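Thanks for coming. I will go through one structure this morning, starting with its rings and ending at the tail of the chain. Please have a look at it on the screen.

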Amino acid sequence: MREVVAGAVISNGLLLLAQRSYPPEVAGLWELPGGKVEEGETRARALERELAEELGVDVVAGEQIGVGVPLKADLVLVALLATVVGGNPEPTEHTAVRWVGAGALRQMAADGELVPADAVWLEDLAELLT
């Protein structure tokens with residue numbers, strides 16, 4: 001089973017979201033940033049590497065949030081808490097980034113602005129923000 005990690009980067013009661021630029025079916029939607037876990041890599045290390053590459057931030061990955069979300073038969077998405085320890089997030093592979101509170105996150109989910117896989121963690125994330 002291959003894994004993709006998503007980072008729940010929380011700072012001052014706000015969650016970092018990144019806007020997808022591709023593929024077409026999710027372009028324009030907002031997600032927890034992250035990426036694929038490479039061979040021999042831990043989930044934590046993969047998330048730290050991906051956020052450095054995609055957003056230019058240094059993070060420390062923490063515990064898993066919620067359940068793993070199956071994406072395909074051989075691929076599962078796992079969310080990890082993450083704390084920024086250096087840098088300011090800048091979108092290099094995304095269209096934009098933004099920080100949202102629990103209310104805005106719930107509204108975005110209600111409006112269909114979150115990628116469907118990440119919406120599974122809505123209540124887990126909202127609880128962490130309040």
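To begin, how many aromatic pairs does the count come to? The count comes to zero. Please keep in mind throughout that this is a predicted model.

Two rings do have a charged partner, though. The charged end of Arg20 sits over the ring of Tyr22, and the distance to the ring centre is 5.5 Å. In the other case the ring belongs to Trp30: Arg98 lies over its face, 5.2 Å from the ring centre.

Tyr22 comes up again for its backbone. The peptide bond between Tyr22 and Pro23 is cis, with omega at about -10°. Pro23 itself is in the loop between strand 2 and strand 3.

Now the annotation. The UniProt record, an unreviewed entry, places the feature "domain: Nudix hydrolase" at residues 1-122. Over that stretch, the chain is 22% helix and 43% strand. The C-alpha atoms at its two ends are 24 Å apart.

Next, two helices that each bury part of their surface. Helix 2 covers residues 102-110. Which of its residues are buried? They are Ala102, Leu105 and Met108. Looking down the axis of helix 2, these buried residues fall within an arc of 125°, so they line one face of the helix. The spacing follows a general rule: an α-helix has 3.6 residues a turn, so residues three or four places apart point the same way. On the other side of helix 2, Gly103 and Ala110 are exposed. The cover over the buried residues of helix 2 includes strand 2, strand 3, strand 7 and helix 4. Just past the end of helix 2, Gly112 has a positive phi of about 75°.

Helix 4, residues 122-129, can be read in a similar way. Its buried residues include Leu122, Leu125, Ala126 and Leu129. They cover an arc of only 100° around the axis, which puts them on the same side of helix 4. And what covers them? Among the elements that do are strand 1, strand 2, strand 5 and strand 7, and also helix 2 and helix 3. So helix 4 is part of the cover for helix 2, and helix 2 is part of the cover for helix 4.

I will move on to single residues, beginning with the loop between strand 1 and strand 2. Asn12 lies in that loop. Its phi is near 50°, which is a positive value in a residue other than glycine. Is Asn12 buried or exposed? It counts as exposed, at 77% relative accessibility.

Gly13 is in the loop between strand 1 and strand 2 as well. Gly13 is partly exposed, with a relative accessible area of 35%. Setting aside neighbours within four places in sequence, Gly13 is in contact with Val100, Gly101 and Leu129. Leu129 is one of the buried residues of helix 4. There is also a distance to note here: Gly13 and Trp99 are 86 residues apart along the chain, and their C-alpha atoms are separated by 9.3 Å.

Gln19 is in strand 2. It is buried, with a relative accessible area of 17%. What lies 2.9 Å from a polar atom of its side chain? That is the backbone oxygen of Gly28. Beyond neighbours within four places in sequence, the contacts of Gln19 are Gly28, Leu29, Trp30, His94, Thr95 and Ala96. Trp30 is the residue whose ring face has Arg98 over it.

Glu50 is found in helix 1, which is residues 43-55. This is a buried residue, with a relative accessible area of 9%. The side chains of Glu50 and Arg49 are joined by a polar contact of 3.2 Å. Leaving out neighbours within four places in sequence, Glu50 is in contact with Gly34, Gly35, Lys36 and Leu55.

The last residue is Thr130, in the segment after helix 4. Thr130 counts as exposed, at 74% relative accessibility. A polar atom of its side chain lies 3.3 Å from the backbone oxygen of Glu127. Thr130 and Ala52 are 78 residues apart in sequence, and 27 Å apart in space from C-alpha to C-alpha.

That is the end of my part.

How values were computed: Residues numbered from 1 in each chain as written. Predicted model: local features only at pLDDT ≥ 70, side-chain atom pairs only at ≥ 80, totals over all residues. Heavy atoms only, no water. UniProt positions renumbered as here; feature names shortened; annotations may be inferred. Helix = DSSP H or I, 4+ residues; strand = E, 2+ residues; numbered from the N terminus. Buried < 20%, exposed > 50% of the residue type's maximum accessible area, 1.4 Å probe, protein only. Arc of directions from axis to C-beta. Contact = heavy atoms within 4.5 Å. Phe/Tyr/Trp six-rings, centres within 6.5 Å; stacked < 30°, edge-to-face > 60°. Lys NZ or Arg CZ within 6 Å of the ring centre and 35° of its normal. Polar contact = N/O pair within 3.5 Å; in protein donor to acceptor, adjacent residues only side chain to side chain.
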